[in-house]
Amino acid sequence: MSRTLTTLLLALALPVLLGACGFQLRGAASSTGLPEDWRQLYLATANPNSEFSRDLQARFSANGIEWVERSEAAYILELGPERFRQRNLSLNSEARAAEFELTMQASFAVRAPDGSLAMEPANAVIVKQMENDPRNVVGKAEEIRILQREMRAELSQQILRRIGFHAAAR
């Protein structure tokens with residue numbers, strides 16, 4: 001009986017202690033930290049139907065951002081195109097790429113409706129490394145596509161966090 005009671009008390013005390021130290025799961029509650037006046041945005045991009053633009057819009061929407069028309073927006077998020085680069089990091093004994101470095105980046109800025117800069121232009125960058133198997137070209141090409149998808153999601157999340165940090169600091 002006492003062991004069950006101890007286990008129950010420990011199970012109840014652990015979440016309280018974690019909450020008291022400030023721990024929270026990524027994406028929990030209002031992780032953006034955006035004030036109310038920053039929650040209505042307009043996305044200005046050259047390619048609104050790209051995978052990156054759609055992922056960014058979905059991620060922002062999931063965090064309480066409402067996408068509105070330019071005339072109704074509190075701020076305008078100017079998003080540059082994603083740029084993906086792949087380079088060889090090392091070669092194997094047959095002078096073939098043994099390791100790749102994958103880099104994805106995008107520039108962004110936030111403007112007020114009057115056109116003034118609310119947040120200076122910045123670059124978000126994600127870098128990953130992957131091993132290459134020259135005998136499995138098809139499998140590695142698919143792995144690169146999967147990594148690109150993951151990198152887009154991380155890039156969107158990085159932009160969201162940086163805007164949230166900037167808005168909270170103002």
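**Exercise 1. The surroundings of Leu-89**

Determine which residues Leu-89 touches when residues up to four places away in sequence are not counted.

*Solution.* With contact taken as heavy atoms within 4.5 Å, the residues touched by Leu-89 are Glu-99, Phe-100, Glu-101 and Gln-129. The model is a predicted one, in which local features need pLDDT of at least 70 and side-chain atom pairs count only at pLDDT 80 or more, while totals for chains, interfaces and linings use all residues. Residues are numbered from 1 along each chain as its sequence is written, and side-chain values use heavy atoms, with hydrogens and water left out.

The next step is to place the residue: Leu-89 belongs to strand β4 (residues 83-91), where strands are DSSP runs of E with at least two residues and helices are runs of H or I with at least four, both numbered from the N terminus. Although Leu-89 and Gln-129 are 40 residues apart in sequence, their C-alpha atoms are 8.5 Å apart in space. Leu-89 counts as partly exposed because its relative accessibility is 32%, given that buried means under 20% relative accessible area, exposed over 50%, and partly exposed in between (1.4 Å probe, protein chains only).

**Exercise 2. The whole chain**

State how many helices and strands there are in the protein, and in which pattern they follow along the sequence.

*Solution.* The protein has 3 helices and 6 strands, which read along the sequence as α-β-α-β-β-β-β-β-α. Of its 170 residues, 32% are buried. Among contacts with a separation of 6 or more, 66% join residues 24 or more positions apart. The exposed area is about 10,700 Å², of which carbon and sulfur atoms supply 54%; such areas come from the Shrake-Rupley method with a 1.4 Å probe, and for residues only the protein chains shown count as cover.

**Exercise 3. Helix α2**

Compare the expected span of helix α2 (residues 51-62) with the distance between its end C-alpha atoms, and identify which of its residues are buried.

*Solution.* The expected span is 1.5 Å times one less than the number of residues, so the 12 residues of α2 should span 16 Å, and this agrees with end C-alpha atoms that are 16 Å apart. The buried residues in α2 are Phe-52, Ser-53, Leu-56 and Phe-60. They lie on the same side of α2, because they cover an arc of only 100° around the axis, the arc being that of the directions from the helix axis to the C-beta atoms. An α-helix has 3.6 residues a turn, so residues three or four places apart point the same way. Just after α2, Gly-64 adopts a positive phi of about 90°.

**Exercise 4. Salt bridges**

Describe the salt bridges that Arg-87 forms with Glu-101 and Glu-78 with Arg-111, and say which parts of the chain each pair links.

*Solution.* Side chains of opposite charge can pair when their charged atoms come close. Here a salt bridge is a side-chain nitrogen of Lys or Arg within 4 Å of a carboxyl oxygen of Asp or Glu, and a search of the whole structure finds 8 of them.

1. In the pair of Arg-87 and Glu-101, the closest N and O atoms are 2.7 Å apart. This pair links distant parts of the chain, with Arg-87 in strand β4 and Glu-101 in strand β5, 14 residues apart. Arg-87 is partly exposed at 41% relative accessibility, whereas Glu-101 is buried, with a relative accessible area of 14%.
2. Glu-78 and Arg-111 meet at 2.9 Å, N to O. They too link distant parts of the chain, Glu-78 being in strand β3 (residues 75-79) and Arg-111 in strand β5 (residues 97-111), 33 residues apart. Glu-78 is partly exposed at 27% relative accessibility, and Arg-111 is partly exposed with a relative accessible area of 26%.

Elsewhere, a network of salt bridges links Glu-51, Glu-82 and Arg-152.

**Exercise 5. A loop residue**

Locate Asp-37 and list the residues it is in contact with, leaving aside its neighbours within four places in sequence.

*Solution.* Asp-37 sits in the loop between α1 and β1 (40-45), and its relative accessibility of 45% makes it partly exposed. The contacts of Asp-37 outside its sequence neighbourhood are with Ala-74 and Tyr-75. Asp-37 and Ala-74 are 37 residues apart in sequence, yet their C-alpha atoms are 6.4 Å apart in space.
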